[in-house]
Amino acid sequence: MTYIAAIDQGTTSTRCMLFDHNGRVVSVAQKEHQQIYPQPGWVEHDPLEIWARTQEVVLEALAQPGVSGQPSAVGITNQRETTLVWNPRTGQPYYNAIVWQDTRTKGICDELAGSTSLSTSGGQDRFRALTGLPLATYFSGPKIRWLLENVDGLRAAAGRGEALFGNIDTWLIWNLTGAHVTDVTNASRTMLMNLATLDWDDDILEILDIPRRMLPRIVPSSDPATWGMTDPEGPFGAAIPVCGDLGDQQAALVGQTCFDAGEAKNTYGTGCFMLLNTGSEIVPSTSGLLTTLGYQFGDQPAVYALEGSIAITGALVQWLRDNLGVIEKSSDVEALARAVADSGGIYFVPAFSGLFAPYWRADARGAIVGMTRYINKGHIARAALEASAYQTREALDAMQADSGVELQALKVDGGMVANELLMQFQADILGVPVVRPVVSETTALGAAYAAGLAVGFWKSLDDLRANWQVDKTWQPKMDAGERAKLYAGWKKAVTRTFDWVE
């Protein structure tokens, strides 16, 4: 059997999935890794543990029954913005990876927002015209600066050329092939890449005091030239081209075959991320969204997107499991939420790492509002699920305001789309159908598509479109008046989280 391998390195786990020509899963292996919380607001991962888990899941996926031979190519998709720096001679990280949810760089962002030397607008939007991003703790650039300023000897090592920066895609590709590269989608999340030139912006690098020599070479998301071959002594056991690389949300956009301007998808994972394809046009956002890269295939023009980024959705269910112990496994949350008729009038705003789109408030923190003695754990579970739907509605409203496109249906994917209660509430609160494909784990599929296009495994985008099939559609059932009332309550609840951190 011929197939493509995808390594999907996420915030809480790493997977290796093998896909056939029809885009169906041949095998899958998955392992979680440790979440490290050194102090409030800080979130870290051990890069060596992530590399170890990656090797383990590759070996497991290749060893499963029915798998024979080697994949034709390897694609990578990854948690975006998570930042690490390592020594290229030893392969040892200088510090743990700083995760995208981490808020330790708020002081750096505030400092940068206070100067206007690059932009007449200054403030939080200082770099937005160039990068499409606000100044926020979310992105990699301030994290690199924090590492350079706080890790002993790192700035001197960077000056000697003994420090390489990468998000997790770059780290894995370097370990697999020795190549120091990143694709345009991941580069667009650093706050260091110019959207128009698709290259590192020297003015921003100077302002953040980041040496250019630390940074990887920026390449297309699907590259026929490939960036290197896997080490035959490594987990794949053969020399296989690594030629696909996409940040996880852009990978889902590709996996959902949203190749036409105006098509959108929403991925429900640790966080929730809605992307709208805007074609070859860079569309600035005035509604709190991000302007980002969607993908670039070979030497074709880059495709851009608007993104609504939500920090905490699936992670809130994990919090109910791990911190409160009200469920034994994440999938139990639906049954618990169904034990009550509604949320009992409460709202759960999970601003654990501040609020992302459309607010960008690092000073916000999580809150449950509307509590009475009537409330039990079922209401809290239901409010936790509804929070994902409300936050998605906020992103969709902003997206429609920026693009002028009225969405007719929303394609959804990610682990939480198995939750039928959530999907129905999502359709209800949006007022549009919600559509789940047969292969709902489209992040890994998108990485496979990128790699497969590069080696001719799939010949065209039409081949990929032919693979996409509907599994289930949820139609909105909620009365418009009830929808408006519930959403107004959510908007009020969000304001209660503001200004918590001084």
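A residue is called buried when its relative accessible area is under 20%, and exposed when that area is over 50%. The model used in these exercises is predicted.

**Exercise 1.** Classify arginine 382 as buried or exposed, then examine its salt bridge with glutamate 386.

Solution. Step 1: the relative accessible area of arginine 382 is 14%, so this residue is buried. Step 2: glutamate 386, at 8% relative accessibility, is buried as well. Step 3: the closest N and O atoms of the pair are 3.7 Å apart. Step 4: both residues belong to helix H12 (residues 377-403), where a spacing of four residues puts about one helical turn between them. Step 5: residues three or four places apart in an α-helix point the same way, because a turn takes 3.6 residues.

**Exercise 2.** Determine which parts of the chain the salt bridge between glutamate 162 and arginine 89 ties together.

Solution. Step 1: the two side chains meet with an N to O distance of 3.8 Å. Step 2: glutamate 162 sits in the loop between helix H5 (154-159) and strand E8 (164-167), and arginine 89 in the loop between strand E6 (83-86) and strand E7 (97-98), so the bridge connects parts 73 residues apart in sequence. Step 3: arginine 89 is exposed, at 61% relative accessible area.

**Exercise 3.** Find the buried residues of helix H2 (residues 106-113) and what they pack against.

Solution. Step 1: the buried residues are Ile108, Cys109 and Leu112. Step 2: viewed down the axis of H2, they fall within an arc of 100°, so they line one face of the helix. Step 3: these residues pack against helix H4 (140-150) and helix H8 (202-208).

Terms used:
Residues numbered from 1 in each chain as written. Predicted model: local features only at pLDDT ≥ 70, side-chain atom pairs only at ≥ 80, totals over all residues. Heavy atoms only, no water. Buried < 20%, exposed > 50% of the residue type's maximum accessible area, 1.4 Å probe, protein only. Helix = DSSP H or I, 4+ residues; strand = E, 2+ residues; numbered from the N terminus. Arc of directions from axis to C-beta. Contact = heavy atoms within 4.5 Å. Salt bridge = Lys/Arg side-chain N within 4 Å of Asp/Glu carboxyl O.
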